Amino acid sequence: MMSLYNERMNKQLMDLCLALPVDTLERETNSFFPNIISYWNHILFGDLILLGRIASNEIGQLTFKDFDKFPSPKFPQDIYHNQLTELAPLRQQVDELINTYCVNLTEEDCDKFITYSTTEGDLISKSVADVTQHLFNHQTHHRGQLTCVLSQFGVDYGCMDLPVIVSEGSRR
């Protein structure tokens, strides 16, 4: 259910942002990231780095081979594309990968622990369930910041309610 919500919200907001003038996309936000395009790049960074950590342990049938077509995440401020029109197809491909991962994820997978280095160089171990939860929480957090910026710019971003966005619920 969360992967569907994630994909649909990203599409809803991306379609909206793609219709905005370039000067709005590049306008200083005076917030956590300097502009709308930077928000989209950071959300993508979070997905790529977390999915890569999962793939390195071959969880949910993810492998490093799945990442051949994606940029390699290094830093939270990574900019993969300066044009939203170039970033949008990449966003869609990553959302499809997240959906596939979630379909293949098992309860046994969720109970496993993975160990990885953070971007600060700290070595930590977390359950796959916790890393997966963080994947969705990270997106939700930064989409919330993005919608705040859009609202301040006078842009109506529409409904974001989970029961409306995924009306079929978790038992599809």
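Seven helices and two strands make up the secondary structure of this protein, which is shown here as a predicted model. If you colour the chain by secondary structure and follow it along the sequence, the elements come in the pattern α-α-α-α-α-β-β-α-α.

Before selecting any residue, turn the whole model in the viewer. Along its principal axes the C-alpha trace spans about 45 × 40 × 25 Å, and the radius of gyration is 16 Å, which agrees with the value near 16 Å that a compact globule of 172 residues would have. Switching to a surface display brings up an accessible area of about 9100 Å², with 50% of that area belonging to carbon and sulfur atoms, while 45% of the 172 residues count as buried. If you then display contacts between residues at least 6 apart in sequence, 70% of these contacts join residues that are at least 24 apart.

Next, select Ala 19, which is placed in the loop between α1 (2-18) and α2 (22-25). Is Ala 19 buried or exposed? Its relative accessibility is 64%, and the cut-off for exposed is over 50%, so Ala 19 counts as exposed. Adding Gly 52 to the selection gives you a distance to check in the viewer, since the C-alpha atoms of Ala 19 and Gly 52 are separated by 31 Å, with their positions 33 residues apart along the chain.

Now turn to the aromatic side chains, among which a search of the whole structure finds three pairs. Show Phe 32 and Phe 33 as sticks: their ring centres are 4.8 Å apart and their planes stand at 85 degrees, so this pair is edge-to-face. Keeping Phe 33 in view, add Tyr 39, whose ring forms a further edge-to-face pair with that of Phe 33, at 5.1 Å centre to centre and with 75 degrees between the planes. With Phe 32, Phe 33 and Tyr 39 selected together, you have one aromatic cluster on the screen.

How is each member of this cluster placed with respect to the surface? Phe 32, at 56% relative accessibility, counts as exposed, whereas Phe 33, at 8%, counts as buried, and Tyr 39, at 1%, also counts as buried.

For the last stop, select Arg 27 together with Phe 153. Over which ring does the charged end of Arg 27 sit? That charged end sits over the ring of Phe 153, at 4.3 Å from the ring centre.

Conventions
Residues are numbered from 1 along each chain as its sequence is written. This is a predicted model: local features need pLDDT of at least 70, side-chain atom pairs count only at pLDDT 80 or more; totals for chains, interfaces and linings use all residues. Side-chain values use heavy atoms; hydrogens and water are left out. Rings of Phe, Tyr and Trp (its six-membered ring) pair if their centres lie within 6.5 Å; planes under 30 degrees apart count as stacked, over 60 as edge-to-face and the rest as tilted. Buried means under 20% relative accessible area, exposed over 50%, partly exposed in between (1.4 Å probe, protein chains only). A charge sits over a ring if NZ of Lys or CZ of Arg is within 6 Å of the ring centre and within 35 degrees of the ring normal. Helices (H or I, at least four residues) and strands (E, at least two) are DSSP runs, numbered from the N terminus. The radius of gyration is taken over C-alpha atoms; the globule rule is 2.2 Å times the number of residues to the power 0.38. Contact means heavy atoms within 4.5 Å. Accessible areas come from the Shrake-Rupley method with a 1.4 Å probe; for residues, only the protein chains shown count as cover.
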